[in-house]
Amino acid sequence: MAHPLDPLSGDEFTAVASILQREHGVGTRAEGSATSGLGWRYASIELIEPSKAALREFDNGGAPPPRRARVTCFERAANATYKSTVSLTDDRVESFEHIPGVQANFTVDEFAECDRLLRTHPDVAAALNKRGITDIDLVFFDTWTYGNAVAPPEYRDRRIGWSDTWLRDSAGGSPYANLVSGLHCVIDLNAMELLRVEDTGGVEKPDVMGEYVPNMIPEAVRSASRREPLKPLHIEQPDGPSFTLDGNLLQWQNWSLRVGFNHREGMTLHTVRYRDGDRERSVAHRISLAEMIVPYRDSSVDHYRRTAFDIGEWGLGFMTTSLELGCDCLGEIRYLDAVLHNSRGEPYTITNAICIHEEDNAVLWKHVDHTIGAEVRRMRRLTVSSHVTVANYEYLIYWRLYQDGNIECEIRATGIMVTTPVAPGQQHPNGTLVDERTYAPYHQHFLVARLDMDIDGTDNTVVMTESHAEPMGPDNPYGLSLVTRSIPLRTESQGKQDVNYATQRTWKIVNPNVVNGIGTHPSYKLVPGGAIPPMFDPDSPVIERASVIGHTLWVTPNHPDERWPAGEFVNQSSTDTGLAKWTLANRSIDNTDVVMWYVFGIHHITRPEDWPVMPVDIVSFWLKPFGFFDRNPSLDVVGTPPDMCHTSSTSAHH
């Protein structure tokens, strides 16, 4: 039997589409009409997760809650977006509502259809011919979404996209080697019609080396620096892994959690618990990445439109790639597949979408005493990971659980930078020269983690803690006194917080209703990492659409409809309908069910070393127990067997 938090299955996706077809004609074309070719598309189908109360009842032996799905679909002929709730348990549509003035997320099918349209359109061929480009097989069209402020005014009431044009140097070469500067197309995605070709001329193609696949790299470049191959490094677990995976239930070293997946957030973690003695203690109800905003900081003709909402406009789930190729994970690995749907509502499977494995991570704790000798424990961590490819960039997402109760979220960004050719002597103040007459524009990657923490229960309070040096005086003659000051955040306005290096500001999510063994309240501390400033004028259209990036932390009362920090419909949006709107109510966040929204990312001042393929850039943040345990919870970690520790009298002298 499926657990109530298990993602929708392929059969359930098919059933949802069948119910909507039967009751509302979703998928049916108006045959014989002028728009008979324009049917419906499914933008998203996802599980409606049961409430915390319903899950508690189920865990206590109650009946499973109903299986229900949330659907966003749109009728192409009318450019009309609908939201629906479908009960799989009752085989019926519970609601079907038109949402005026919004555009659903871009679909993978639309991206592929745009490419087919543009590479067969005579107006595009004519524009390419003017530049001497005649081999259409070397051309790659990369279609992006619009923000309303930069969309052509005459087309803002349509579902539209815009395209970059790229040229490979040869068959099988990098698709992002050469931007055809100044050539962009505007497409009506519903009619799949080219609305116009925007050609501002561009510049003559420079001679760049944009290849990264070994057999495509010129011999002169390959022979300039040859390193010896590494000798094999084997990760072996002859007795198998130390974790167990039962369906989506993952258990390891006192930890237990459920792994989820949906089209928008991709991988999600649920009901994260830690077994402390004979108690199963709640740490978090649900943690995930809820939005990713990537503004390019270059107002040139090639980049002024380029602000991506990779989660809201596209969906990390839809962009998730299989981990069966290459060396993405090492060790004794277990995989989870993910099931999603195309724009017709038909299911498909991403094999090996999530990788689960253990990693050695050097020393957990150690002390050497001249009498007792050395006591050392090696650190083992459990990593749950997935990789997503969003056009030119890859994001490698790692959630890690540690034996001392820590949780780490690490993001690695890699892939291929967007580049732009420039004319001889032309300035490029908003980017770095990375090849001949070619610069990579500066840009930022803002990620928003949604942290629904439940520390020993649902009702928690977030506390801001800072360190201060006290002034010298009679009680502090040497200026040594360092104190901390903690301020509980009581309202949403107080819950808008910024990182402060000078005071080493952190935030603790505390359960004020429980007392630990040493008389204080259990908590987890959010240790900020990778926090970056927005650096936008307050009136910038980007800030209007994504006010969330204006603060490092937001705290809100938990509400089932408040899931998307910049709003549910960010495709072609003009204003932030998420946190900026919700927090105007200035609701209480004191000793209640709260959500923390943590904003972090990469301030990418591009480098020549990032070209033609970018080594990973790594950012992370931590959730660390603070008084959650009465002492070091990893005291019971078993030491390494003596025969596994290699020593010699010779090595001791070197």
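**View 1. Tyr212, Val213 and Val613 make a nonpolar surface patch of about 220 Å².** Welcome to this tour of a predicted model. We start at the surface, with Val213 as a guide to the patch. Val213 sits in the loop that runs between β9 (193-199) and α5 (219-224). With a relative accessible area of 33%, Val213 is partly exposed.

**View 2. A cis peptide bond joins Trp611 to Pro612.** If you check the backbone torsions here, you will find omega near 5 degrees for this bond. Pro612 belongs to the loop between β30 (594-604) and β31 (614-626).

**View 3. Cys329 and Cys355 are joined in a disulfide.** The structure holds 1 disulfide, and the sulfur atoms of Cys329 and Cys355 are 2.2 Å apart. Cys329 comes from the loop between α7 (316-319) and β16 (334-341), while Cys355 comes from strand β17 (residues 347-369), so the bond ties together parts that are 26 residues apart in sequence. Are these two cysteines buried or exposed? Both Cys329 and Cys355 are buried.

**View 4. Cys409 is in no disulfide, and Cys185 has its closest cysteine sulfur in Cys114.** For Cys409, the nearest cysteine sulfur is that of Cys329, 16 Å away. Cys409 is buried, and its relative accessible area is 1%. Why does Cys185 not bond to Cys114? Their sulfur atoms are 9.8 Å apart, which is too far for a bond; the cut-off for a disulfide is 2.5 Å between the sulfur atoms. Cys185 is buried too, with a relative accessible area of 1%.

**View 5. Glu198 and Arg305 meet in a buried salt bridge.** Here the side chains come together with an N to O distance of 2.3 Å, a value you may like to look at for yourself. The partners belong to distant parts of the chain, 107 residues apart: Glu198 is in strand β9, and Arg305 is in the loop between β14 (279-295) and β15 (307-309). Both Glu198 and Arg305 are buried.

**View 6. Arg344 pairs with Glu346 in a salt bridge.** The closest N and O atoms of this pair are 3.1 Å apart. Arg344 has 49% relative accessibility and counts as partly exposed. Glu346 also counts as partly exposed, at 37% relative accessibility.

**View 7. Glu466 and Arg505 form a salt bridge at 2.8 Å, N to O.** What does this pair tie together? Glu466 lies in strand β25 (residues 461-469) and Arg505 in the loop between β26 and β27, so the salt bridge links parts that are 39 residues apart in sequence. Glu466 is buried, with a relative accessible area of 9%. Arg505 counts as buried as well, at 16% relative accessibility.

**View 8. Six residues share one salt-bridge network: Glu46, Glu49, Arg70, Glu265, Arg286 and Arg563.** They are joined by salt bridges that share partners. For the wider setting, a search of the whole structure finds 49 salt bridges.

**View 9. Arg505 has polar partners in Glu466 and Asp498.** This view returns to Arg505, in the loop between β26 (482-488) and β27 (506-510). Its side chain makes a polar contact with the side chain of Glu466 at 2.8 Å. A polar atom of the Arg505 side chain also lies 2.8 Å from the backbone oxygen of Asp498. Which residues does Arg505 contact once neighbours within four places in sequence are set aside? They are Met464, Thr465, Glu466, Gln497, Asp498, Asn500 and Pro528. Gln504 is found in the loop between β26 and β27, and this residue has a positive phi of about 50 degrees although it is not a glycine.

**View 10. Ala391 has a positive phi, near 55 degrees, in a residue other than glycine.** Ala391 is placed in the loop between β18 (373-390) and β19 (393-402). At 37% relative accessibility, Ala391 counts as partly exposed.

**View 11. Ser256 is a buried residue of strand β12 (residues 255-262).** The relative accessible area of Ser256 is 10%. Not counting residues up to four places away in sequence, Ser256 touches Leu250, Gln251, Thr271, Val272, Arg273 and Glu280.

Methods:
Residues numbered from 1 in each chain as written. Predicted model: local features only at pLDDT ≥ 70, side-chain atom pairs only at ≥ 80, totals over all residues. Heavy atoms only, no water. Helix = DSSP H or I, 4+ residues; strand = E, 2+ residues; numbered from the N terminus. Buried < 20%, exposed > 50% of the residue type's maximum accessible area, 1.4 Å probe, protein only. Polar contact = N/O pair within 3.5 Å; in protein donor to acceptor, adjacent residues only side chain to side chain. Contact = heavy atoms within 4.5 Å. Patch = residues over 30% accessible without salt bridge, like charges linked within 9 Å, V, L, I, M, F, W, Y side chains within 5 Å. Areas by Shrake-Rupley, 256 points an atom, 1.4 Å probe, with all protein chains shown as cover. Salt bridge = Lys/Arg side-chain N within 4 Å of Asp/Glu carboxyl O.
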